[in-house]
Number of protein chains: 2
Amino acid sequence: MNHTTRTLNRSKQRDAIFNYIITHKTHPTADDIYNDIRKDFPNISLGTVYRNLTLLTELGSIKKLSYGDAAEHFDGDITPHNHFICNTCGSITDLQMENIDFVDEAASRNFDGKIAGHNIYFYGTCPSCLQNIHPEH
Amino acid sequence: MNHTTRTLNRSKQRDAIFNYIITHKTHPTADDIYNDIRKDFPNISLGTVYRNLTLLTELGSIKKLSYGDAAEHFDGDITPHNHFICNTCGSITDLQMENIDFVDEAASRNFDGKIAGHNIYFYGTCPSCLQNIHPEH
DNA sequence: AGTAAAATCAATAATAGTTATTATTATATA
DNA sequence: TATATAATAATAACTATTATTGATTTTACT
């Protein structure tokens, strides 16, 4: 028999974690997921959440987002899109905008290495916080 | 006297930290700075390094870089420029390229909040690692 | 269905990066 | 130079993440 290929066993926990991420657009952290998923899996451990998040990221099923926030955030939407982080409330949201993947070309121009892609995080003040600063009275 | 304004006392340690960052283009972490600067200030503590890095960042004298790496990196070059992170060796370098600040305009188009700026991290394989993969023999 | 290998699990310990606390020292200004 | 304030060193505490362990479950193959 062939032991060189590694089979991946399915687990209810991993399914639940993956399902949570793709059905929530909140870009949750490992801890967010852990706390919510405990309602359905009271015995699940934080280690299991981390292990499966790492695995799902390696498989390319989800994406990991790193920005100023101390913790990593995860995104179930793996199609190319950009993010906005509010400097005031810290929320992270998807940003609908035209495709700007051509910046990779621009970056390659005077660079001897190979550009594979980019991560771009816009920051500023989100609509909700803007409202609080200048409320329409 | 007026106690509402906060005066900032100078310290040799902070000067040394700031000087280290602006004279090194390596985008060091707090720990990098700590370890190097100990040669001149054997008694300096890591807490002092962190506190001053936070302060200098708040003052806008240096910039904090957050990307996949676990630790924060710091940059003494506060003029707008972009960064490249090598997926192979993890190095971070400045990227000379045309100005692409207009992406902020593009992002603002369908967004009700206020875009103040962006951080963009290009990734791929750096020239040195590319050489190692396909050496010219 | 039976079985062995592999992957899973929860629990916990360990590590890394960072922040907070406190008593002491240095700095700026009167 | 006396005084008030800020910065320091040392250390403790905290948060996010990873590694370890030993038991259980799942899978591939018979």
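Guide: A polar contact is a pair of N or O atoms within 3.5 Å. The model discussed here is predicted.

Visitor: Then what about Arg51(A) and DNA strand C, how far is the side chain from a phosphate oxygen?

Guide: An N or O atom in the side chain of Arg51(A) lies 2.8 Å from a phosphate oxygen of DNA strand C. That distance is within 3.5 Å, so the pair is a polar contact.

Visitor: And what are the distances for Gln13(A) and Arg14(A)?

Guide: For Arg14(A), a side-chain N or O atom is 2.9 Å from a phosphate oxygen of DNA strand C. For Gln13(A), the corresponding distance to a phosphate oxygen of the strand is 3.3 Å.

Visitor: Which elements give two or more residues to the surface near DNA strand C?

Guide: Chain A provides helix H1 (12-23) and helix H3 (46-59), and chain B provides helix H3 (46-59). The largest share comes from H3(A), with three residues.

Visitor: Which residues come nearest to DNA strand C?

Guide: There are 21 residues around DNA strand C, and the nearest of them are Ser11(A), Ile44(A), Thr48(A), Arg51(A) and Tyr50(B).

Visitor: How does that surface divide by class?

Guide: The surface near DNA strand C has ten polar, six charged and five nonpolar residues.

Visitor: On the DNA side, what part of the atoms within 4 Å of the protein belongs to sugar or phosphate?

Guide: Sugar or phosphate accounts for 85% of those atoms of DNA strand C, and bases account for the rest.

Visitor: Changing topic: what are the domains of chain A?

Guide: The domain assignment gives domain 1 as residues 1-78 and domain 2 as residues 80-137 of chain A. Taken over C-alpha atoms, the centres of these two domains are 24 Å apart.

Visitor: How many residues are in contact between them?

Guide: Ten residues of domain 1 of chain A are in contact with nine residues of domain 2 of chain A. The two domains bury about 730 Å² between them, with 53% of that area on carbon and sulfur atoms.

Visitor: How many salt bridges and polar contacts are there across that interface?

Guide: The rule finds zero salt bridges across the interface of domain 1 and domain 2 of chain A. Six residue pairs, both residues at pLDDT 80 or more, are in polar contact between the two domains.

Visitor: Which strands supply at least two residues of the domain 1 side?

Guide: Strand S1 (63-65) and strand S2 (73-75) of chain A each do so on the side of domain 1 that touches domain 2. By class, that side of domain 1 of chain A has four polar, three nonpolar and three charged residues.

How values were computed. Residues numbered from 1 in each chain as written. Chains lettered and ligands numbered in written order. Predicted model: local features only at pLDDT ≥ 70, side-chain atom pairs only at ≥ 80, totals over all residues. Heavy atoms only, no water. Domains from an automatic or database assignment. Contact = heavy atoms within 4.5 Å. Buried area = accessible area lost by both parts, 1.4 Å probe. Salt bridge = Lys/Arg side-chain N within 4 Å of Asp/Glu carboxyl O. Polar contact = N/O pair within 3.5 Å; in protein donor to acceptor, adjacent residues only side chain to side chain. Helix = DSSP H or I, 4+ residues; strand = E, 2+ residues; numbered from the N terminus. Nonpolar A, V, L, I, M, F, W, Y, C, P; charged D, E, K, R; others polar. Near = heavy atom within 4 Å.
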